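Let's take a walk through this model together. Please have the viewer open and be ready to rotate as you read.

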Amino acid sequence: MTVTASRPVAPAPARARVWPRVVAGVLLLGYGLLLVIATLDPDPATAGTTGTPIEAGSSTVLERVFAALHGLGVPSWFGFTELEILANVAVFVPIGLLAALALPRRLWWAAFLAACALSAAIELIQLLALPTRVASLSDVAANSAGALLGVALAALLRALVPRRP
């Protein structure tokens with residue numbers, strides 16, 4: 001008679017609850033890597049200038065775009081600065097969302113703090129090591145707001161999708 005040791009297997013519902021967190025974690029790592037590459041690239045296209053490629057060479061295009069938007073009813077006070085703030089908020093919504101979904105529900109605050117720390121680290125590296133980039137506390141604030149929106153969206157999704165028994 002052969003005796004084989006078997007590893008205990010978790011019941012199917014417990015395993016099924018883990019997969020969404022694993023998928024969210026993998027997506028978070030991929031998106032986070034792309035975000036870090038995009039924000040820490042010294043951008044040779046703007047060598048000798050500071051800011052983003054948009055700020056460096058596309059001002060006439062931006063002026064035309066904003067003129068068209070203002071003609072369509074977008075308020076005249078909405079310009080590049082406001083667009084940049086909204087972009088900084090938007091780029092961190094997926095970070096907050098995916099981090100909150102990758103962690104257990106009770107650790108939502110850790111997802112938010114980790115996203116804020118990531119934003120602060122990016123800006124600090126830009127300040128200390130990337131002279132062609134402009135580090136800004138307002139970027140950290142906007143990124144953090146985006147992360148908080150993402151965490152809130154994760155909470156909403158979890159509230160709308162019933163738990164499995």
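A crossing of two helices is called right-handed if the near helix is turned clockwise from the far one by less than a right angle, and left-handed if it is turned anticlockwise. Keep that convention at hand, since helix 4 passes helix 6 in a right-handed crossing. By class, the contact between these two helices has 16 nonpolar, 5 polar and 2 charged residues.

Before going further into that pair, a look at the whole chain will help. What you are viewing is a predicted model. The chain has 6 helices and 0 strands, so from the N terminus on its elements read α-α-α-α-α-α. Of its 165 residues, 27% count as buried.

Now back to the pair we began with. Helix 4 covers residues 80-102 and helix 6 covers residues 137-160; their axes come within 6 Å and cross at roughly 40°. Angles under 35 degrees would count as roughly parallel, and the crossing angle makes helix 4 oblique to helix 6.

Let's follow helix 4 along its own length. With 23 residues at 1.5 Å a residue, helix 4 should span 33 Å, and its end C-alpha atoms are 34 Å apart, which agrees. Along the way there is a kink of about 25° at Phe92, shortly before the proline Pro94. Phe92 is also one of the buried residues of helix 4, which include Asn88, Val89 and Ile95 as well as the run Gly96, Leu97, Leu98, Ala99 and Ala100. When you look at how these side chains are arranged, bear in mind that an α-helix has 3.6 residues a turn, so residues three or four places apart point the same way.

Gly96 deserves a pause. This glycine lies in helix 4, and because its relative accessibility is 0%, Gly96 counts as buried. Try finding Ala145 from there: the two residues are 49 apart along the chain, and their C-alpha atoms are separated by 9.5 Å.

What does helix 6 look like on its own? Helix 6 has 24 residues and reaches 35 Å from its first C-alpha to its last, close to the 34 Å expected at 1.5 Å a residue. Its buried residues include the glycines Gly146 and Gly150, the alanines Ala142, Ala147 and Ala154, and the valines Val140 and Val151. Asp139, Asn143, Ser144 and Arg158 are also among the buried residues of helix 6.

Next, bring helix 5 into view. Helix 5 spans residues 108-129 and packs against helix 4 at an angle of about 140°, with the two axes 8 Å apart. Helix 4 and helix 5 are therefore oblique to each other, and helix 4 passes helix 5 in a right-handed crossing. Turning to its other partner here, helix 5 packs with helix 6 at an angle of about 155°, their axes 9 Å apart. That angle makes helix 5 roughly antiparallel to helix 6, since the cut-off for this class is over 145 degrees. Helix 5 passes helix 6 in a right-handed crossing too.

One last stop takes us toward the start of the chain. Gly32 sits in helix 1, which runs over residues 12-40. With a relative accessible area of 13%, Gly32 is buried, because the limit for that label is under 20%. Gly32 and Leu118 are 86 residues apart in sequence, and 9.1 Å apart in space from C-alpha to C-alpha.

How values were computed
Residues numbered from 1 in each chain as written. Predicted model: local features only at pLDDT ≥ 70, side-chain atom pairs only at ≥ 80, totals over all residues. Heavy atoms only, no water. Axes fitted to C-alpha atoms, helices over the stretch in contact; angles between N-to-C directions. Helix = DSSP H or I, 4+ residues; strand = E, 2+ residues; numbered from the N terminus. Parallel < 35°, antiparallel > 145°, perpendicular 65-115°, else oblique. Nonpolar A, V, L, I, M, F, W, Y, C, P; charged D, E, K, R; others polar. Expected span 1.5 Å × (residues − 1). Bend = angle between axes of the 7 residues up to and from the residue. Buried < 20%, exposed > 50% of the residue type's maximum accessible area, 1.4 Å probe, protein only.
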